[in-house]
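User: I would like to go through this model with you. Could we begin with the general picture and then turn to particular residues?

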Amino acid sequence: MMGEPLHTILTERLGCRWPIIQTAMGWVAEPSLVIGSSNAGAFGFLGAAVMTPPEAREKLLAVRRGTDKPFGVNFHSFQPGADAIVDLILENKDQVRAVSFGRGPNAKMIGRFKDAGILCVPTVGAVKHAQKMVELGVDMVNVQGGEGGGHTGSVPTTVLLPQVLDAVKVPVIASGGFADGRGLAAAMAYGAVGIAMGTRFLLTKESPVPDSAKAEYLKASTDGIVVTTKLDGIPQRMVRTKLMDRIEKSGEIGLWLRAFEASLAMKKQTGASWLGLIKAARGMTAHGAMPLKQAMMSATMPMLIQKAVVDGDIEQGVMATGVVGGRIGEIPSCQELVDRIVAEAHERLASLAALGREPLPASAPVA
């Protein structure tokens, strides 16, 4: 009797139906998207890394009201109010099955989650980072290859994924470049226990991104997606827009001017002091080891992203994306997307399993 090939240790441990994760994206992985992806059979992560503790409490409750499925929460241990958000996550341990994060949590914090039965699933972009996280005690790692959106590395998924699979002894999830069932089947063929997708879920009906911004995303071709270091000094993959072109061409004076203008706008919106903005920027990036200009630029990144994905202002905002966004051409519901991915993966896996069972046609060339 054949088993369900898409039933993996990921579905078993996270409690979702299919081995598909909706990744956390600031201002995008909001309750509507988490509810949509989780109810569709995937595993949704709430993007709490850009939320205050009161906002996180409100949105955790909103997700709970919208689905009885398990879901995850993403946070950064250096964000303002991180301790309160960790407490919130632990208070909701009956439905929060996992946390995701990049840098930050130490073994003690990871131990608190594990004691509460909450799985730790960090996203990593390098072999050494995967090994470090495993040493700290995480349960799985999500490996993001260079095709991924936002901050990203330079090693393609097809190279990084097998490197990490060979280097660690915990389940590995593949991300960076995935959008369909062929990708899921390929990731599983490598040895991954599932895939994680951001851009593909960003372009669904349940995504809160304004329709005007979604339309701009759909226009982007793979040639229209670029990696820039001029936003905060760290490589980021973005949709090429008129603003991005101006940023790419700007010199030192232009970069300082833009950093100052955006910082001023952020200061006005949040009420934060100049010292507070710089302190937050240093914490968000390299724990203080960066020049002032870069720190100010980092502090303003949220403003630029919010302009596009919250306000729909493409002229003044930037649009993070994986390179896979260049081949996405429609906006399905989460249910339609997950159903299609599952059907495609089943088809591809069945075709691969059948290879060698059928004789080649008489006209087929013989190697």
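**Overview of the fold**

Analyst: Of the 367 residues of the protein, 51% count as buried. Please bear in mind that this is a predicted model.

User: How many helices and strands are there?

Analyst: The secondary structure comprises 15 helices and 12 strands.

User: And what share of the contacts joins residues at least 24 apart?

Analyst: Counting contacts between residues at least 6 apart in sequence, 63% join residues at least 24 apart.

User: What about the surface: how much of the exposed area do carbon and sulfur atoms supply?

Analyst: The protein exposes about 16700 Å², and carbon and sulfur atoms supply 56% of that area.

User: Let us move to the strands. How well is β4 covered?

Analyst: Strand β4, residues 96-100, is mostly covered, with four of its five residues buried.

User: Which way do β3 and β4 run, parallel or antiparallel?

Analyst: They run parallel, and four bridges join strand β3 (residues 71-74) to β4. Within this pairing, Gly72 has Ala98 of β4 as its bridge partner.

User: What lies between those two strands in the unit they make?

Analyst: Helix α4, residues 82-91, does: β3, α4 and β4 make a right-handed β-α-β unit.

User: Which residue of β5 is the bridge partner of Ala98?

Analyst: That partner is Leu119. Strand β5 (residues 119-120) is joined to β4 by two bridges, and these strands also run parallel. Ala98 is therefore a bridge partner of both Gly72 in β3 and Leu119 in β5.

User: Changing topic, how many salt bridges are there?

Analyst: The count comes to 11 salt bridges. One of them is formed by the side chains of Lys114 and Asp139, at 2.9 Å from N to O. This pair links distant parts of the chain, 25 residues apart: Lys114 is in helix α5 (residues 107-115), and Asp139 is in the loop between α6 (127-136) and β7 (141-144).

User: Is Asp139 buried or exposed?

Analyst: Asp139 is buried, with a relative accessible area of 12%, because that value is under the 20% cut-off. Lys114, at 36%, is partly exposed.

User: Which residue forms a salt bridge with Arg200?

Analyst: Arg200 forms one with Glu330, and their closest N and O atoms are 2.7 Å apart. Here the two residues are 130 apart in the chain: Arg200 belongs to helix α9 (residues 199-202), whereas Glu330 sits in the loop between α14 (292-309) and α15 (334-354).

User: How accessible are Arg200 and Glu330?

Analyst: Arg200 counts as buried at 2% relative accessibility, while Glu330 is partly exposed at 30%.

User: Which residues are joined into one network by salt bridges that share partners?

Analyst: Asp180, Arg182 and Arg327 are joined in this way. Within the network, Arg182 forms a salt bridge with Asp180, and the closest N and O atoms are 2.9 Å apart. Asp180 is buried at 8% relative accessibility, whereas Arg182 is exposed at 52%.

User: One last topic, the cysteines. How many disulfides does the model contain?

Analyst: The count comes to zero disulfides.

User: Are Cys16 and Cys334 buried or exposed?

Analyst: Cys16 is buried, with a relative accessible area of 11%. Cys334 also counts as buried, at 0% relative accessibility.

Key:
Residues are numbered from 1 along each chain as its sequence is written. This is a predicted model: local features need pLDDT of at least 70, side-chain atom pairs count only at pLDDT 80 or more; totals for chains, interfaces and linings use all residues. Side-chain values use heavy atoms; hydrogens and water are left out. A disulfide is a pair of cysteine sulfur atoms within 2.5 Å. Buried means under 20% relative accessible area, exposed over 50%, partly exposed in between (1.4 Å probe, protein chains only). Contact means heavy atoms within 4.5 Å. Accessible areas come from the Shrake-Rupley method with a 1.4 Å probe; for residues, only the protein chains shown count as cover. A salt bridge is a side-chain nitrogen of Lys or Arg within 4 Å of a carboxyl oxygen of Asp or Glu. Two strands pair if DSSP finds at least two bridges between them. A crossover is right-handed if, with the strands pointing away from the viewer, the path from the first strand over the helix to the second runs clockwise.
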